[in-house]
Amino acid sequence: MTDLLDKSLVPELEDIAEYIRNPLFMQFCTQIRQQYQCREKIEYSSCSWEKGWNVKFKKSGKTLCTIYPREGFFTVLAVVGAKEKDAVEALLPDCSAQLQEIYARTKEGNGQRWMMIDLEDSGPVYDDVFRLIQIRGGR
């Protein structure tokens, strides 16, 4: 098993999938790749808040989302910036109660909300995450 805190060993996407042990991770990555014609970038974060390897998806230089691997699930960081705020707030009433709660409890700083969303299954929250990415990615 890959040690996702070892900065000297760059994992492959498959290594991260093996660590997570949830087929939803590869489904999520495949869906983003197909929808946005982009590739993932595996990066090491030295940030004390979330140290270790993560997976970023970018389109035209803009980060669509960052994925933090966990055992059995993964966390998606979706940033709602000033440009996306009105569209996201218009969408919120149609989102799951769980996503609405995450949005409400995520503090805004410098005109952004950094929403950390745990995904374990392909239910309503999974669909909500893609709606947020769609707003950010302009699709």
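Select Pro69 and Phe74 to begin: Pro69 stands opposite Phe74, a residue of β4. The model on the screen is a predicted one. Add Tyr68 and Thr75 to the selection; here Tyr68 faces Thr75 of β4. Extend the selection to the whole of both strands, β3 (62-69) and β4 (74-80). They run antiparallel and are joined by 4 bridges.

**The turn between β3 and β4**

Select the residues that connect the two strands. β3 and β4 make a hairpin with 4 residues between them, and Gly72 in the turn has a positive phi of about 95 degrees. Arg70 also belongs to the loop between these strands. Display its side chain together with that of Thr75: a polar contact of 3.0 Å joins the two. Which other residues does Arg70 contact, leaving aside its neighbours within four places in sequence? Besides Thr75, they are Tyr19, Ile20, Glu50 and Met116.

**The other side of β3**

Next, select β2 (residues 52-59), which pairs with β3 in the antiparallel sense over 5 bridges. Lys59 has Lys62 of β3 as its bridge partner. The hairpin of β2 and β3 has 2 residues between the strands, and Ser60 in this hairpin takes a positive phi near 55 degrees.

Is β3 largely enclosed or open to the outside? Of its 8 residues, 6 are buried, so the rest of the structure largely encloses this strand.

**The whole sheet**

Now colour all the strands. They form an open sheet of 6 strands in the order β1-β2-β3-β4-β6-β5, with antiparallel pairing. At the edges lie β1 (40-45) and β5 (108-109), each of which pairs on one side only. Strands of a sheet pair through backbone hydrogen bonds, in either a parallel or an antiparallel manner.

**The nonpolar core**

Hide the sheet and select Phe25, Phe28, Ile32, Ile117 and Leu119. These are the residues with the most contacts inside the largest nonpolar core, which has 40 residues. Centre the view on Phe25. Apart from neighbours within four places in sequence, Phe25 is in contact with Leu13, Ile16, Ala17, Ile20, Val55, Ile67 and Phe74. Phe74 is also the residue opposite Pro69, where the tour began.

**Helix α5**

Move to helix α5 (residues 124-137) and select Arg131 within it. Its relative accessibility is 26%, so Arg131 counts as partly exposed; the buried class applies under 20% and the exposed class over 50%. Not counting residues up to four places away in sequence, Arg131 touches Leu91, Asp94 and Cys95. At Asp94, the backbone oxygen lies 3.3 Å from a polar atom of the Arg131 side chain. For a longer view, select Asn54 as well: it is 77 residues from Arg131 in sequence, and the two are 21 Å apart in space, C-alpha to C-alpha.

**The complete protein**

Finally, display everything. The protein has 5 helices and 6 strands, which follow the pattern α-α-β-β-β-β-α-α-β-β-α along the sequence. The C-alpha trace spans about 40 × 30 × 30 Å along its principal axes. A compact globule of 139 residues would have a radius of gyration near 14 Å, and the value of 15 Å for this protein agrees with that. Buried residues make up 47% of the 139 residues. Of the contacts between residues at least 6 apart in sequence, 56% join residues at least 24 apart. With a surface display, the accessible area comes to about 7,500 Å², and 47% of it belongs to carbon and sulfur atoms.

Methods. Residues are numbered from 1 along each chain as its sequence is written. This is a predicted model: local features need pLDDT of at least 70, side-chain atom pairs count only at pLDDT 80 or more; totals for chains, interfaces and linings use all residues. Side-chain values use heavy atoms; hydrogens and water are left out. A nonpolar core is a set of buried Ala, Val, Leu, Ile, Met, Phe, Trp, Tyr and Cys residues joined through side-chain atoms within 4.5 Å. Buried means under 20% relative accessible area, exposed over 50%, partly exposed in between (1.4 Å probe, protein chains only). Contact means heavy atoms within 4.5 Å. A polar contact is a pair of N or O atoms within 3.5 Å; within protein, one must be able to donate a hydrogen and the other to accept it, and residues adjacent in sequence count only if both atoms are side-chain atoms. Two strands pair if DSSP finds at least two bridges between them. The radius of gyration is taken over C-alpha atoms; the globule rule is 2.2 Å times the number of residues to the power 0.38. Accessible areas come from the Shrake-Rupley method with a 1.4 Å probe; for residues, only the protein chains shown count as cover.
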